[in-house]
Amino acid sequence: MERDCGAWINMLSHKIKMRMNAALSDLGITGVQSRIMHFILVHCQDGPVFQKDVEDAFSLRRSTTTAILQLMEKNGIIIRESVPYDARLKSLVPTDKAARLDEQVRTRILEIDAMLTRDLSPGQQQLFMEIAAQMARNLDS
């Protein structure tokens with residue numbers, strides 16, 4: 001039976017997650033944690049980053065995000081700090097460990113991306129990204 005678009009995307013997603021987790025296992029971080037860590041590192045320079053920002057950026061449920069962030073905090077990748085204007089809010093602050101890990105993680109992500117796009121022309125890669133973006137928009141409507 002021929003696969004539909006959703007099945008192909010699901011299969012690719014699964015393979016990428018497995019490859020990322022294997023590539024990062026010696027660093028003690030998962031693929032999704034690495035992407036969230038990088039997001040926090042980049043965006044905390046512009047102001048506080050909150051759990052809701054991570055949920056929105058990665059289209060994650062609150063419970064999923066809570067579990068990921070708790071593990072990242074336990075592993076010393078982030079800390080949660082109260083913000084002075086609202087004691088209920090906790091900003092996500094990357095630790096020195098996160099900054100050290102980020103460069104190693106970026107290198108491994110680029111290696112996996114090169115493997116993923118091997119034998120694809122720049123035009124094919126651009127077309128894929130345009131199609132994937134349109135598919136995402138289609139699912140949002």
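**Note on the charged residues and confidence of the model**

1. D56 and K52 lie four residues apart in helix α3 (residues 51-58), and are therefore separated by about one helical turn. The two residues form a salt bridge, in which the closest N and O atoms are 3.1 Å apart. Side chains of opposite charge can pair when their charged atoms come close.

2. The structure is a predicted model, and its confidence should be considered before the contacts are discussed. The chain has a mean pLDDT of 94, with 99% of its residues at 70 or more. Among the elements of the chain, helix α4 (residues 62-74) has the highest mean pLDDT, 97, while strand β2 (residues 86-94) has the lowest, 91. As a general caution, predicted coordinates should not be read in detail where pLDDT is low.

3. How many salt bridges does a search of the whole structure find? The search returns five. Besides the pair in helix α3, two others merit comment here.

4. One of these joins the side chains of R108 and D26, with an N to O distance of 2.5 Å. The pair links distant parts of the chain, the two residues being 82 residues apart: R108 belongs to helix α5 (residues 96-117), whereas D26 sits in the loop between α1 and α2 (31-43). D26 counts as exposed, because its relative accessibility is 58% and the cut-off for that class is over 50%.

5. A further salt bridge brings together the side chains of R80 and E73, at 3.1 Å from N to O. Are these partners buried or partly exposed? R80 has a relative accessible area of 25% and is partly exposed. E73, with a relative accessible area of 32%, is likewise partly exposed.

6. A positive patch on the surface deserves separate mention. R3, K15, R19 and R118 form this patch. Of these residues, R3 is located in the segment before α1 (5-24). The relative accessibility of R3 is 43%, so R3 counts as partly exposed; a residue needs over 30% relative accessible area to be included in a patch.

7. Helix α1 also contains L24. Is L24 buried or exposed? The relative accessible area of L24 is 0%, and L24 is therefore buried, the cut-off being under 20%. Between the C-alpha atoms of L24 and C5 the separation is 28 Å, the two residues being 19 residues apart along the chain.

Technical notes:
Residues numbered from 1 in each chain as written. Predicted model: local features only at pLDDT ≥ 70, side-chain atom pairs only at ≥ 80, totals over all residues. Heavy atoms only, no water. pLDDT = per-residue confidence, 0-100. Patch = residues over 30% accessible without salt bridge, like charges linked within 9 Å, V, L, I, M, F, W, Y side chains within 5 Å. Areas by Shrake-Rupley, 256 points an atom, 1.4 Å probe, with all protein chains shown as cover. Salt bridge = Lys/Arg side-chain N within 4 Å of Asp/Glu carboxyl O. Lys, Arg positive; Asp, Glu negative; His and termini not counted. Charge placed at Lys NZ, Arg CZ, Asp CG, Glu CD. Buried < 20%, exposed > 50% of the residue type's maximum accessible area, 1.4 Å probe, protein only.
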